[in-house]
Amino acid sequence: MPNSPSDPSAAPRRITVQRKGPLLVEGPVEVELEDGSVVTSDRFRVALCTCRRSRRYPWCDTSHRDRA
């Protein structure tokens, strides 16, 4: 698989940390959840929820704005 995390020639992914907000990750990405299931996105950038308020977890739906 090209650009897999185990490929030493793969370019690093940039993750942007925001105070009181989601993690912005340059895509495409695969996210392994606690139960072992995997969700994917082929978008050029995704927002990962860090507050767990999102109805679309692990993707951010800006629910953190309601109480932040």
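User: Which strand gives the most to the lining of the second largest pocket?

Analyst: This is a predicted model, so take the pocket as computed. The lining is made up of S41, R43, F44, R45, V46, A47, R56, W59 and C60. R45, V46 and A47 from that list sit in a strand covering residues 45-48. With three residues, the top contributor is strand 5.

User: How much space lies in that second largest pocket, and how does its lining split by class?

Analyst: The space in the second largest pocket comes to about 180 Å³. As for its lining, the classes are five nonpolar, one polar and three charged residues.

User: In strand 5, which side chains are buried?

Analyst: In a regular strand, side chains alternate between the two faces of the sheet. Strand 5 shows that alternation: R45 and A47 point to one face and are not buried. Pointing to the other face, and buried, are V46 and L48.

User: Which residues stand opposite V46 and L48?

Analyst: Strand 2 (residues 23-26) runs antiparallel to strand 5, and four bridges join the two. Going across from V46 you land on V25. Going across from L48, the residue you meet is L23.

User: Which strands stand at the edges of the open sheet, and why is one side of each left without a neighbour?

Analyst: Three strands make up this open sheet, with antiparallel pairing and the order 1-2-5. Each edge strand has a single partner strand, so one of its sides has no neighbour in the sheet. The edge positions belong to strand 1 (15-17) and strand 5.

User: What does the twist average from one strand to the next?

Analyst: The sheet in question is the open one with strand order 1-2-5. Going from one strand to the next, the twist averages 20°.

User: Is K20 buried or exposed?

Analyst: K20 sits in the loop between strand 1 and strand 2. Its C-alpha atom is separated by 8.6 Å from that of T50, 30 residues apart along the chain. The relative accessible area of K20 is 63%, and the cut-off for the top class is over 50%. So K20 counts as exposed.

User: How many salt bridges does a search of the whole structure find, and which residue does E26 meet in one?

Analyst: The search of the whole structure turns up three salt bridges. In the one with E26, the N to O distance is 3.8 Å. That pair links distant parts of the chain, 12 residues apart, with E26 in strand 2 and its partner in the segment before strand 1. The partner is R14.

User: Which of E26 and R14 is exposed, and which is partly exposed?

Analyst: E26 has a relative accessible area of 32%, which makes it partly exposed. R14 has 56%, and the cut-off for exposed is over 50%. So the exposed residue is R14.

User: Where do R52 and E34 sit, and what is the N to O distance in their salt bridge?

Analyst: R52 is in the segment after strand 5, while E34 is in the loop between strand 3 (29-32) and strand 4 (38-41). The two are 18 residues apart, so this pair also links distant parts of the chain. E34 is exposed, at 75% relative accessibility. The N to O distance is 3.5 Å.

User: Which residue meets D61 in a salt bridge?

Analyst: The N to O distance for the D61 pair is 3.2 Å. D61 counts as partly exposed at 21% relative accessibility. Its partner counts as exposed at 71%. That partner is R55.

Key
Residues numbered from 1 in each chain as written. Predicted model: local features only at pLDDT ≥ 70, side-chain atom pairs only at ≥ 80, totals over all residues. Heavy atoms only, no water. Buried < 20%, exposed > 50% of the residue type's maximum accessible area, 1.4 Å probe, protein only. Pairing = 2+ DSSP bridges. Axes fitted to C-alpha atoms, helices over the stretch in contact; angles between N-to-C directions. 1 Å grid on protein atoms, 1.4 Å probe; cavity = no way out; pocket = protein on both sides within 12 Å on 5 of 7 lines; lining within 4 Å. Points joined across faces, edges and corners; volume = space filled by probe spheres on them. Nonpolar A, V, L, I, M, F, W, Y, C, P; charged D, E, K, R; others polar. Salt bridge = Lys/Arg side-chain N within 4 Å of Asp/Glu carboxyl O.
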